[in-house]
Amino acid sequence: MDFRFTDEQEAFRGEVKSFIAEHAPEGRLGTGDEESNDAAHQQVLEFQKAMAQKRWLTLAWPKEVGGLEASHWQQMVLNEEMAYQGAPSSQNMGTMWVGPALMLVGSDEQKQTHLSRIADAEDDSWWCTLYSEPGAGSDLASLQTRATQDGDEFVINGQKIWTSGAHRADWGWLAARTDPDAPKHRGISMFLMDMKSPGVSVRPLVNMANDHSFNEVYFEDVRIPAPNLVGERDRGWYHLAVALDFERSSIAGFSGSKRTVEAQMAYAQEHPEDLERTPQVRLEFGDRFTEIEVGTNLAYRIVHLQTSGIIANYEASAAKLFSSELSQRIAATGMSMLGLYGQLDGPQPHAKLDGGTGKSYLQNVSATIGGGTSEVQRNIIATRGLGLPRG
Ligand SMILES: Cc1cc2nc3c(=O)[nH]c(=O)nc-3n(C[C@H](O)[C@H](O)[C@H](O)COP(=O)(O)OP(=O)(O)OC[C@H]3O[C@@H](n4cnc5c(N)ncnc54)[C@H](O)[C@@H]3O)c2cc1C
């Protein structure tokens, strides 16, 4: 089998590299704290605007809503190169799952209002995802936030938690219960919520890497216009499931991992004394290299499915599972090699590998929780992929 990209795709890759060299702010590549750090977030927004000018934020979207109708493989080339070069990449939920879900189930008005704004990276088009609640994470269908219809509005009351980027977001992609008496999967609806609405309060949660990336969000009699209901009332669970498939399809990041391992191996070449001190790291590099090759092929399989018009489901879970657990193993390999120096964070005299290893060791702990835990992914693979009975 010939897995090479075409000459045209490789030429596009060259264009992406030049774009990144021109627009990515030096010294702020791939630090992963874009949601925490105001200046870094601003740089992300500027970078996104530059991408939007080239229609690259929504490369594969239809032309009439701001895309270029590029192939999924071209999208893959863009994603790979952005991640490999460590371009400012804070998750843009609008382009990754809100927009694609709206294209499938949104009303004409919703599409007109939001799709081109997302594609153009307009100032009020940054989204957050309002699913999880204190009592509803893996078992998301247990969510209790209520949406009660009052004339031509819905009134929202309840609480969300772990909401990434809610402190930056203009809009929220909200799951709320519209029928408390129906079986739990059948009484949920999806809404588009203006995060500036009266009654919305966002409270920060600081994670173990000392980043403010997620939040608690409280709703007290928040009024949403009825036309902001997405798709069919009480059928939101099924719309949400499609958005989750898009989310998981976009999570697997093997080219960013490749960059990290290559940097670790370059360090090991320059500091053979560190490898002598920790000989097992040489063997770990063998494993990490092999895993990246395997993971890349899992990601390519998703693109192949998308090219065939199929939304990846258990295949996306397999890639998400493998990618998130691999990111933890890579950070652990880095820490083994650097020893106590690995704990020195950021630019300081004795920090090694730009001081990013300890930080990523802490940041990646959450990789196997966010977007659905590893246990949930394994359950999806076992039931939907392998046809095993539910436990
Ligand atoms: C970095 C990060 C970002 C996030 N961003 C968002 C966001 O933007 N929006 C949002 O809505 N949510 C977000 N979340 C929340 C995330 O989706 C939930 O944390 C996740 O779904 C797990 O839910 P929980 O925390 O309630 O854990 P629980 O569901 O309570 O799980 C606790 C443990 O039990 C295990 N478990 C649960 N059910 C089963 C089962 N059936 N079989 C086997 N094991 C099981 C889990 O795997 C886990 O180990 C984010 C989380 C993180 C870490």
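In this predicted model, the C-alpha centres of domain 2 and domain 3 sit 31 Å apart. Where these two domains touch, domain 2 puts in 4 residues and domain 3 puts in 7. On the domain 2 side, that touching set splits into 2 nonpolar and 2 polar residues, with no charged ones. For orientation, the domain assignment runs domain 2 from 127 to 235 and domain 3 from 252 to 385, with domain 1 covering 7-90.

The ligand brings domains 2 and 3 into the picture again, since each of them supplies at least three residues to the shell around the ligand. That shell holds 18 residues, and the closest are Tyr131, Gly137, Ser138, Gly370 and Thr373. Two elements give two or more residues to the shell, namely strand E1 (127-130) and helix H12 (374-385). H12 provides the largest share, with 3 residues. As for chemistry, the residues around the ligand come out as 11 polar, 6 nonpolar and 1 charged.

H12 also packs against another helix, H10. The axes of H10 and H12 are 9 Å apart, and the packing angle is about 150 degrees. With angles over 145 degrees counted as roughly antiparallel, that makes H10 roughly antiparallel to H12. The crossing of H10 past H12 is left-handed. From H10, the contact uses Tyr314, Ser317, Ala318, Lys320, Leu321, Ser324 and Glu325, and these meet Ser374, Gln377, Arg378, Ile380, Ile381, Arg384 and Gly385 in H12. Sorted by class, this contact between H10 and H12 is a mixed bag of 5 nonpolar, 5 polar and 4 charged residues.

H10 (residues 314-338) has a second partner in helix H7 (residues 254-270): their axes come within 10 Å and cross at roughly 15 degrees. The cut-off for roughly parallel is an angle under 35 degrees, so H7 counts as roughly parallel to H10. Here too the handedness can be read off, with H7 passing H10 in a left-handed crossing. On the H7 side, the residues involved are Phe254, Ser257, Thr260, Val261, Gln264 and Ala268, while H10 offers Ser323, Leu326, Ser327, Ile330, Thr333, Gly334 and Met337. There are no charged residues in the contact of H7 with H10, which breaks down into 6 nonpolar and 7 polar.

A further helix pair joins H3 (residues 72-85) to H9 (residues 280-307), packed at an angle of about 150 degrees with 9 Å between the axes. H3 and H9 are therefore roughly antiparallel to each other. H3 goes past H9 in a right-handed crossing. His72, Trp73 and Met76 are the H3 residues in this contact, and across from them in H9 are Val303, Gln306 and Thr307. The contact of H3 with H9 divides evenly into 3 nonpolar and 3 polar residues, and no charged residue takes part.

Back at the ligand, H12 is the element to keep in view: H12 gives 3 residues to the shell, and H12 also packs with H10 at about 150 degrees.

How values were computed: Residues are numbered from 1 along each chain as its sequence is written. This is a predicted model: local features need pLDDT of at least 70, side-chain atom pairs count only at pLDDT 80 or more; totals for chains, interfaces and linings use all residues. A residue is near a molecule or strand if its C-beta atom, placed from the backbone, lies within 6 Å of it. Helices (H or I, at least four residues) and strands (E, at least two) are DSSP runs, numbered from the N terminus. Ala, Val, Leu, Ile, Met, Phe, Trp, Tyr, Cys and Pro count as nonpolar, Asp, Glu, Lys and Arg as charged, and the others, Gly among them, as polar. Domain bounds come from an automatic or database domain assignment. Axes are lines fitted to C-alpha atoms, for helices over the stretch in contact, and angles run from 0 to 180 degrees between N-to-C directions. Angles under 35 degrees count as roughly parallel, over 145 as roughly antiparallel, 65 to 115 as roughly perpendicular and the rest as oblique. A crossing is left-handed if the near helix is turned anticlockwise from the far one by less than a right angle, and right-handed if clockwise.
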